[in-house]
Amino acid sequence: MVEYEWTQELCEAYANNLRPMIKYDHQSWAVKIAAQINSKEKKLKYLDIATGPGFLQVQLANLLKEPVLYAQDSSEFMLNIAEKEAVDSGYEIEKILSLAEELKIEDNSMDIVTCKQLLHEAQSPEKVINEVFRVTKQGGKAFIIDFDKNRGKVAARMAKIFIKVTTNKDIANNFWKSYKGGLDGKIVEEMVKNTGFSKVVYVKSGYNYFILAKK
Ligand SMILES: C[S@@+](CC[C@H](N)C(=O)[O-])C[C@H]1O[C@@H](n2cnc3c(N)ncnc32)[C@H](O)[C@@H]1O
C-alpha cells in the first residue's frame, strides 16, 4: 500500500500534471468502458469512486446519454476540482465526501461504478470492493483499474521516463511508487469474484489491470 496525503497542493499538482494525459489515459479508458455498456440508455446512474479531478467521469459522461453523475472522494479539495471540471464540461455532479471503504450511498443504486487508481492506496481494498458490489444495481456493471503488481514493467519504466521528461521528477517518482505499490490484478479479480458479482473478467492492459464485473 502507498500512502499519500492529498493536500490542496498535491490535488492541484495531480490535476494540472495529469491534464495533458487525459487523451491517452482517461479518454482511452472511457472508450473501453463505454464499449461494455448500453451507452444509448438514458439517465444511467454513474458513480466514480476516488474520482480525483473527475477526468474519467467527464470522459465517460461524454459517451453516455444524459447520465446522472455521482463523484466520490475522501478529499474535499479533489471534489471541488472535479466539480469545476464537470461544470466546465456541461455536467452537474453530486459530490460524495467519504472513504471508499464506507460509501455514503444506498445499496443497489448505481448502473455504472468505476474505481480507477485507488486500490494501491486504499487502507482496505477488500472493503472497497465490497462497497463496489453493494452499491451496484442488479444487472449493473463495475470497472476497476489500477497498477498490476509486477506486470507491464517495461511499459511502466517507459511511462516513468515520459512523465519525467514531460512533467517533472517528483511526479515521475510518485508514479513509480504507486506502480510498485499496486496489487496483483489476479488477486483483485478473486476478491471481486468473492463478493458475488455474476461475471468477472480480468484484462491485463500494459502496467494496469482492468477488471470488468457484472452484478
Ligand atoms: C491516484 S488518484 C486517482 C484519481 C482518479 N481516479 C484518476 O484515475 O485520475 C487517487 C484518489 O483517491 C483518493 N483517495 C485516496 N484514498 C481514498 C479512500 N480511502 N477513499 C476515497 N478516496 C480516496 C484521493 O483523494 C485521490 O483523489
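**Figure 1. Helices and strands of the predicted model.** In this predicted model, the chain comprises eight helices and seven strands. Its radius of gyration is 16 Å, close to the 17 Å that the globule rule gives for 215 residues, so the chain is as compact as a globular protein of that length. Along the principal axes, the C-alpha atoms occupy a box of roughly 45 × 40 × 30 Å.

**Figure 2. Burial and contacts along the chain.** Of the 215 residues in the chain, 40% count as buried. When contacts between residues at least 6 apart in sequence are considered, 68% of them join residues at least 24 apart.

**Figure 3. The largest nonpolar core.** This core contains 51 residues. Tyr46, Val113, Val132 and Ile144 have the most contacts inside it. One of these residues, Ile144, touches Cys115, Leu119, Val188, Val192 and Ile211, with residues up to four places away in sequence left out of the count.

**Figure 4. The second nonpolar core.** Separate from the core of 51 residues, a second core is made up of seven residues. Among them are Phe147, Ala156, Phe175 and Tyr179.

**Figure 5. The surroundings of the ligand.** There are 18 residues around the ligand. Those that come nearest are Ala50, Gly52, Ser74, Ser75 and Ala100. By residue class, the shell around the ligand divides into nine nonpolar, five polar and four charged residues.

Notes
Residues are numbered from 1 along each chain as its sequence is written. This is a predicted model: local features need pLDDT of at least 70, side-chain atom pairs count only at pLDDT 80 or more; totals for chains, interfaces and linings use all residues. A residue is near a molecule or strand if its C-beta atom, placed from the backbone, lies within 6 Å of it. Ala, Val, Leu, Ile, Met, Phe, Trp, Tyr, Cys and Pro count as nonpolar, Asp, Glu, Lys and Arg as charged, and the others, Gly among them, as polar. A nonpolar core is a set of buried Ala, Val, Leu, Ile, Met, Phe, Trp, Tyr and Cys residues joined through C-beta atoms within 7 Å. A residue is buried if 20 or more other C-beta atoms lie within 10 Å of its own, exposed if 12 or fewer, and partly exposed in between; C-beta atoms are placed from the backbone. Two residues are in contact if their C-beta atoms, placed from the backbone, lie within 7 Å. Helices (H or I, at least four residues) and strands (E, at least two) are DSSP runs, numbered from the N terminus. The radius of gyration is taken over C-alpha atoms; the globule rule is 2.2 Å times the number of residues to the power 0.38.
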